[in-house]
Every structure is written in C-alpha cells, then in structure tokens.
Protein chains: 2
Amino acid sequence: MTPSPAAPADLVITGCTALRHTGTGSGSGSDERIEFAEDTSIVVRGGVIEAIGVDIELPDAVERIHARGQVAMPGLVNCHTHAPMVALRGIAEDLPTEEWFNDVVWPIESNLTAVDVELGAKLACAEMIRGGVTCFADHYFSMDTVAAVVEECGIRAHLGEAYFSSQGPQGREKSLEFALRHRGRAGGRITTALAPHAPYTVDDTALAATADLAREHGLPVHIHAAENRDQTEASLARHGRTPIEILARTGILTGDLDVLLAHGTGIVERDLPVLARTNGRTAVATAPRGYLRFAWPTTTPVRALRGIGVPVGLATDGAASNSSLDVWESMALTSLIQKSTEGDPRWLTSRQALHHATLQSARAVGFGGRIGSLAPGLRADIVLVDLTGPHTQPVHDLAATLVHSARSSDVRTTIVDGRILMRDRELLTLDVPEIVRELGERLPALVDRSHGRRIQEYGT
Amino acid sequence: MTPSPAAPADLVITGCTALRHTGTGSGSGSDERIEFAEDTSIVVRGGVIEAIGVDIELPDAVERIHARGQVAMPGLVNCHTHAPMVALRGIAEDLPTEEWFNDVVWPIESNLTAVDVELGAKLACAEMIRGGVTCFADHYFSMDTVAAVVEECGIRAHLGEAYFSSQGPQGREKSLEFALRHRGRAGGRITTALAPHAPYTVDDTALAATADLAREHGLPVHIHAAENRDQTEASLARHGRTPIEILARTGILTGDLDVLLAHGTGIVERDLPVLARTNGRTAVATAPRGYLRFAWPTTTPVRALRGIGVPVGLATDGAASNSSLDVWESMALTSLIQKSTEGDPRWLTSRQALHHATLQSARAVGFGGRIGSLAPGLRADIVLVDLTGPHTQPVHDLAATLVHSARSSDVRTTIVDGRILMRDRELLTLDVPEIVRELGERLPALVDRSHGRRIQEYGT
C-alpha cells in the first residue's frame, strides 16, 4: 500500500546543514561540486527522501530530529570489506602479506563456522553503523549468515560468497546460488555479486566461467585484483599478462559487466587502456591503511583512474589488516596518501574526498542513483554529524572539517532506508556487549592453529 | 605541608588494566618492553603516583574511579604544536608549504592579538584534554597568555616564545624573559625553552646568541629544524651546510644543551654523526600528517634516529596544517608511515609506537623521569581508555588495539598532576561552547588579509 500524501511522514529532520551535490551527479569523478546548505529540512517517507530543502513544507511525522549544529550527509559506503574478520582484529600484526595470509589468517579461517561469521558480522555492523557507514560490500564465506545479519540489523549491503578455484566448480556454483537467492532481499537493501577471490587464486578457466555466469544472470563481479605490485610482477613473469589483462582476457573486464576491483595498487600504465574500455562499468575500491601497514610500494592510482573515468570508492578491507572498519579514516587517508604519492598538495581536496565517499562509492557498489546523495527519490541513507566538539571548531571550510578534523565518533545518528539504526550514539538494532560475550566464547576454537591446515596458499 | 600517610589519598583508581614499562626506562628507544597488568590499582597523592600494582593496599581517598574494562596509560604528550593555531583550522587547505605560509598563515598571524591566542589556546587545551593529551610543547607568540591558560585549565606544558631574527635582539630577549619568568610555574606543570623559529628564519649570529643564553640560564631550546628536504637542499646550496650542521656550528647542537627539533624530515645521512654526538640530549618531534598533506618527499627518519639514540616524540604541529591536535592519530600514523617508508611491515610495531608516545615523548619535552610512565614517584598524568566499543573488540593484542583500533574519542578520563580534567568525556576546567562563541566573534578580524602584511617570508 502506498501511503497517502496526507499520512504523516516517517521521519522529518530539521535545522541541519546538508551536503548537496550540485554537479551532474554522474559519479565519474569529473564533477566534484559539493555545496553545504544551511537550515535544511529532510522529509523521509517509505524509506525514500521525499523532499529536501531550506523552505520546504513540513508534514506531520512519526519521528522528528532537530539537528541544529549537525551536518547531514549521505551515509558512508565501505566498498570492500570482509566484515566477519573483525573477530581477528589485531591477531596478525607487523607481518608481511605472505606471512599474514599463510601463517595466521588462512590457517585460522580453516576453523570458521557459520556462528563465528554471524557474530563477526554483527560486531562489524555495530562498528560500521556507529561510524556512519550505511552500506558495505562484503566478500567472504558463509554469506547466508551475513545476509541474515544485514536483514536483521537494518544496514545496506552488497554481498558476494567468495571462492577459490581450489574448491572446484562447487565454489563458483555456491557463489551463484547465493547471489541469485539473496538478490533484492531485505526490501532491496541487499544486492549481490559473484565473488571470485582473485586472479592468483582463481584460474583462467574459472574466471571465464564466472564471466559467463555473470552475463547470463545479470550479476556484477566483486574480485581482488592487482592488489599489490608484487602480484602484477608475478603475473607478468608467469603469464606475460597483468592481473587486469587476465581479467579482460577471461571476459570479466569487457565493459558489459559491472565489476568491482578491490585495491588495484598493482595497476600499471598498460592496464589503463584496458580499464578505460570498460566504459565506467568498472570501479576500484581503495583501502589505503592496509597498504601502509603491509609496506606495499604503491597505493591505488586514483588520479590515473579518474583520468579514464573509473570511479574509486572508499573501503577498509577486513579489520584483520585494517584494524578497524573506519571509512571516515579511509576518507582522510585517501586524501593524505594521494597528495603524498602524487607529490601534489593541491590534489585530492576535501571535496574530492567527499565525492569519492558519496557518489563514487555508491556507484562502485552498484547502488548508483539509489544512494550516495541527499536528493528527492533516493533511498534515505543519512548520517548526522556533530561538529560542536573542540576538535572540529572553528569551521572555515566545512568540507575540510568533515574530511580532516571530524572523526567517525562524531556521527550522532545513522539512518538506513529511513530507519534510525543509531540515535545519539546509541545502537538500536544490535547488542554489542552480548555479541562480544558470545564471540569471546568462540575465540579459542576459532584462533587455534595447531591443526596445520590453511584454506589456501598465498604466493601471488 | 606534607600530608600524613594516614590522610586519605587524593585519588584511587581500581580495576584497570595498566600499561607498564618493564625495560630500563632509559627512553633511548633501545628498550621498548611494555606489559599490561590487569586488575591494577593506582593511588595518587599530592599530584604523584604513590603506589601502583595488583595487590596493593588501598587507602581511603577523596575520589575513587572504578575503571574495570578500561586501560590506564600515561597521558599522551604533544611534543610540538602551535596550540592557538586551532583558530586557523581548515583555512589554508590544499596548498604547498610556501603558499600556506606566505599567502595565508603569515598574513593572518600579523593580525594576532593576545585575546586570539588566549581563546585559541583554550580551545586547543580542550581538544587535547579530550584526546588524552596531558602535556604539550608549544612554540608560538603571546606565550604569557598560553601560560595563563595552562595554569588555569590544569594541563602540563613546555612553552617557548617564538622569534625570528627579523625582530632583532628583542625577539630573543623576549623569549628569554618569558622562559625565565614562567619556568616551574603552575606548581611545576610549566617548563620553558628558548624558541628560535628555524635556521632559515633565525640567522647564525642569533642562533649563536641563543645557544649562549641557553647555556647561561640552563634552558633548553625548541626549534624547527630540517623540516623538509627542500630546506636541507636550500641550506646546502646557500651555506654549504645542512640545517643540522648549522645548529651544531652555532652551538645549539653540541651535547651540553637539551634541544627539541621539530620535524626533521630533511635530516640526511651526514647529519647523523652530528646528532649522535649530542649524546641523547637532542630529541626530534614527528608530526607525520602534515608531511603527507604538504606532499613532502620524506618523513622523519625514525629508524636512523633510533640507531643513534635520539628519542623521537609524537606531535601534531598546529591544527592549521594538521587539522587536529590528535596525538592518537599521530601515534597510529607514525607506525603506518614508518612501515611504508622503510618498506618493512615488521618495523615500528605497536609497542614501539607506545614507547614513542610515552617515555620518548616525555623525554623529548624535558619531562623525562617525571612523566611518561605509570610508576611510583612519577607525576600522576594518567588517561583511562574505554575499549568496550565495537571498534576495539575483540582484543587479541592490547598494544595493537590501543595504537591502531582505539581513537582519541575512546579516552574517558584525563588526569594531570592527580587532578581530573575530564571525567566520562566531560571537560571540567574549560567551557567549549563559550570559547567557541568568543572565538567566533574574533575570527573576522583575525583572518583578514586585505592589509597585505605578513610576519615573515617563507623561502627556505
């Protein structure tokens, strides 16, 4: 039943300063115009922003938030993570990539149960909602469980069941089955993808079969690709092709599939024409903290990708490498590391960072045109940010304050699909102490490595 | 009057997990052993940690804090900042160093009044106390005003009145007069230094005179030095000597003065023997966020400095370049940027980062042996950190959780000299809304650049 216009709205927010996109909204990175409109009101009905503006008529509403002194902005999107890995936060520190995988993470993941994944996903969602993240792209195992957590806690997600070709065709089929069964679930809050792990763990035949399935079923693909320069060099040495070229040759990166590439710090000059030919249907997720931690020699080439119209979304990767799921930090670090890497302090301004965090991230996870901006008709994924703290005052440049001075802990209210998931820092759909208690009971069995197994071998 | 042992203690903290240094505590960087002792109690009397341990006898106390689930650690030290510059937070974004100085900051600073400095210092102290900073080293103008704010709000500080040689001998004399008058004030919470700006703004004669004064009066020197590689190269081109060599030649860096060098990202190989000869009386403050932002090609060479026994403290620089006074972020970034720069994921572990944040920082600001550790007889500068949030759970490695997952906003209680300055996130000695309101009234006059003046010219 469509509510009649005379019925009260679900939610009215008044008095906020709203982040508005004033460009074309194409999300291509070519138009980063952002304005801040003071004393804005937002009317939410049926999960959608019905109206937003300064002098709009305000209907009765079931719920009202007076947000003077707060900034309303689109919820952040975590464009690539492994949410349940919060269970492993801090367990594999100060290690090179190969030892991190082979000696700690992949042995531990051979113990994973659906209960571990459920508790990890709940804790991750709690962390993300508290940090103003309203949508995440997850790439992991036991994804039925993650989907159930998403359904229950109210967040939005783009989910894919990960597989290696070592699992045989069953891995791919399970990923397909998951993607088809969950697509559009939770009232449309869940979208799905096929999720092959990476070109170095999924062979060319399996990649080609994945591309065929994606095409046949109209599914996007979410995959780790050219994560670091070593992988690119190993791929060139072994196959004479870069990971990006392998993805093109196997039919993944052809321009008729929507593809989300995680990391891409190993993308090299010769990959750019390949990516350009995908006509903006490819996006890259950047999670710069992990690249520093692992001492990878390069970061995601954001400037080159912008030059060829590839959107770059912000991400955290899993907390076992990133220490948190703090997309706010990813936003600031992306700006800082891009300035440093390009040797150009004028590059990747705060407004550009906000554009990555909003329109480009929404597009990267396949929700472009539905989220990523505060505009009538878009889903009501909104966060309210309190800038009254001493660390965010005074405000000379609101974009700079948001990106470089504000912190995820300044998010006071998180709204997804018009539903308030956190109000005044209080989570309304998840019980953190209970989750932590239950997870604590699972940890000894989860982290046991005495069996000597691992789910896969890392060797680029 | 010395309180009798039978009198109640001022403060007793019970049930916390305490960060304890178990090495020699020399602060040289050669011994970074840190342990976490659960269920620890801390007794504070007369501003000093009287006792700390697991099974110690607990006296009556005027104030008790039950801190179960919280970590007690030494308060953070901001080893180099310009606190009042919070007033300029976000006003000079996305600019190279030279334009940042010449086009925005130095023109604006020609408008500075003591009232601006007072309000900026208050706001800065509020931000730092909320972020777990219990001591800061400030290098700025109108420092009488900053000292009064420190006295009033209860934080600890190492203060120096900045000067350029363009001010003539008066600048230096004013710095000396300030240092002598305020040394030991606020019950010992204030220490002072001579604060020449930098070798590129203070000529050799003035530096030599500074060294003489420092020696004569037993004062330390706090100076910007080799801030970036450009400065080192310009100095070599102009004088045939690096900034560090100039400081040695003018008598500043000789090993009988305590010297705090800010930044040092332009320290080069040939500087290392010069610094080594100062026998650990020189320290360097690193503030890595600004180096990224300005796209400087190098960062502070922490590993090389450790190799020659030079302590490296953590810092934020001013908020006009760093966007915040968040030393917690400096701690995490120092670890991440050092790993990345050295190409070594095993380097600058969380425990090393905590060692920089505590013993090395205390030593850098001349408070070594008085703060920087939780031990009987040391001043009671303590912060309590709440790790129950979803972003800091579960805990597999408490050092990693503190450095890489916790945030400054997780500090619940900040104590300086035994006095509680923030309790449960509430500031007890500063009124932020009132400071922000008053500062807001000052801003139009402060940021006016129509006069075309500047206090100095940047040209390395």
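Trainee: Why are H2(A) and H15(A) called oblique to each other?

Mentor: Start from the model, which is predicted. The axes of helix H2 (residues 114–130) and helix H15 (residues 432–447) of chain A cross at roughly 140°. Roughly perpendicular covers 65 to 115 degrees, and roughly antiparallel needs over 145. An angle of roughly 140° falls in neither class, so the pair counts as oblique. The two axes come within 9 Å.

Trainee: Which hand does the crossing of H2(A) and H15(A) have?

Mentor: H2(A) passes H15(A) in a left-handed crossing.

Trainee: Which residues of H2(A) and H15(A) make the contact?

Mentor: From H2(A) come Val115(A), Asp116(A), Leu119(A), Lys122(A), Leu123(A) and Ala126(A). H15(A) brings Val432(A), Ile435(A), Val436(A), Glu438(A), Leu439(A), Arg442(A) and Leu446(A). By class, the contact of H2(A) with H15(A) has nine nonpolar, no polar and four charged residues.

Trainee: What makes H2(B) oblique to H15(B)?

Mentor: Take the angle again. H2(B) and H15(B) pack at about 140°, with axes 9 Å apart. That value leaves H2(B) oblique to H15(B), because roughly antiparallel would need over 145 degrees. H2(B) passes H15(B) in a left-handed crossing.

Trainee: Where do H2(B) and H15(B) meet?

Mentor: Val115(B), Asp116(B), Leu119(B), Lys122(B), Leu123(B) and Ala126(B) are the residues on H2(B). They meet Val432(B), Ile435(B), Val436(B), Glu438(B), Leu439(B), Arg442(B) and Leu446(B) on H15(B). The contact of H2(B) with H15(B) holds nine nonpolar, no polar and four charged residues.

Trainee: Why is H13(A) called roughly perpendicular to H14(A)?

Mentor: Helix H13 (residues 350–364) of chain A packs against H14(A) at an angle of about 65°, with the axes 8 Å apart. The roughly perpendicular class runs from 65 to 115 degrees. H13(A) is therefore roughly perpendicular to H14(A). H13(A) passes H14(A) in a left-handed crossing.

Trainee: What residues does H13(A) bring against H14(A)?

Mentor: Ser350(A), Arg351(A), Ala353(A) and Leu354(A) sit on the H13(A) side. On the H14(A) side they meet Ala399(A), Ala400(A), Leu402(A), Val403(A) and His404(A). The contact of H13(A) with H14(A) counts six nonpolar, two polar and one charged residues.

Trainee: Which domains does the assignment give for chain A?

Mentor: Domain 1 is 9–75 + 372–427, and domain 2 is 76–364. Their C-alpha centres lie 27 Å apart. In the contact, 30 residues of domain 1 face 35 residues of domain 2. Strand E1 (9–21), helix H14 (398–405), strand E16 (411–416) and strand E17 (419–423) of chain A each give two or more residues to the domain 1 side. H14(A) gives the largest share of that side, five residues. By class, the domain 1 side has 13 nonpolar, eleven polar and six charged residues.

Trainee: How many residues does the contact between chain B and chain A take from each chain?

Mentor: The contact takes 49 residues from chain B and 49 residues from chain A. On the chain B side, helix H2 (114–130), helix H9 (288–293), helix H12 (327–342), helix H14 (398–405) and helix H15 (432–447) each supply at least two residues. H15(B) gives the most, with five residues. The chain B side divides into 21 nonpolar, 15 polar and 13 charged residues.

Trainee: What does the secondary structure of chain A come to?

Mentor: Chain A has 15 helices and 18 strands.

Trainee: How do you know that chain A is as compact as a globular protein of that length?

Mentor: Set the value against the rule. The radius of gyration of chain A is 21 Å, and the globule rule gives 23 Å for 460 residues. The two are close, so chain A is as compact as a globular protein of that length. Along its principal axes the C-alpha trace of chain A spans about 65 × 50 × 45 Å.

Trainee: Which peptide bond in chain A is cis, and what is its omega?

Mentor: The bond joining Gln393(A) and Pro394(A) is cis, with omega about -10°. Pro394(A) lies in the loop between strand E15 (382–386) and H14 of chain A. In chain B, the bond from Gln393(B) to Pro394(B) is cis, with omega near -15°. Pro394(B) is in the loop between strand E15 (382–386) and H14 of chain B.

Trainee: What is the phi of Asp94(A)?

Mentor: Asp94(A) has a positive phi of about 60°, although it is not a glycine. Asp94(A) is in the loop between strand E6 (76–81) and helix H1 (97–109) of chain A.

Note on methods: Residues numbered from 1 in each chain as written. Chains lettered and ligands numbered in written order. Predicted model: local features only at pLDDT ≥ 70, side-chain atom pairs only at ≥ 80, totals over all residues. Domains from an automatic or database assignment. Contact = placed C-beta atoms within 7 Å. Helix = DSSP H or I, 4+ residues; strand = E, 2+ residues; numbered from the N terminus. Nonpolar A, V, L, I, M, F, W, Y, C, P; charged D, E, K, R; others polar. Axes fitted to C-alpha atoms, helices over the stretch in contact; angles between N-to-C directions. Parallel < 35°, antiparallel > 145°, perpendicular 65-115°, else oblique. Left-handed = near helix turned anticlockwise from the far one by under 90°. Rg over C-alpha atoms; globule rule 2.2 N^0.38 Å.
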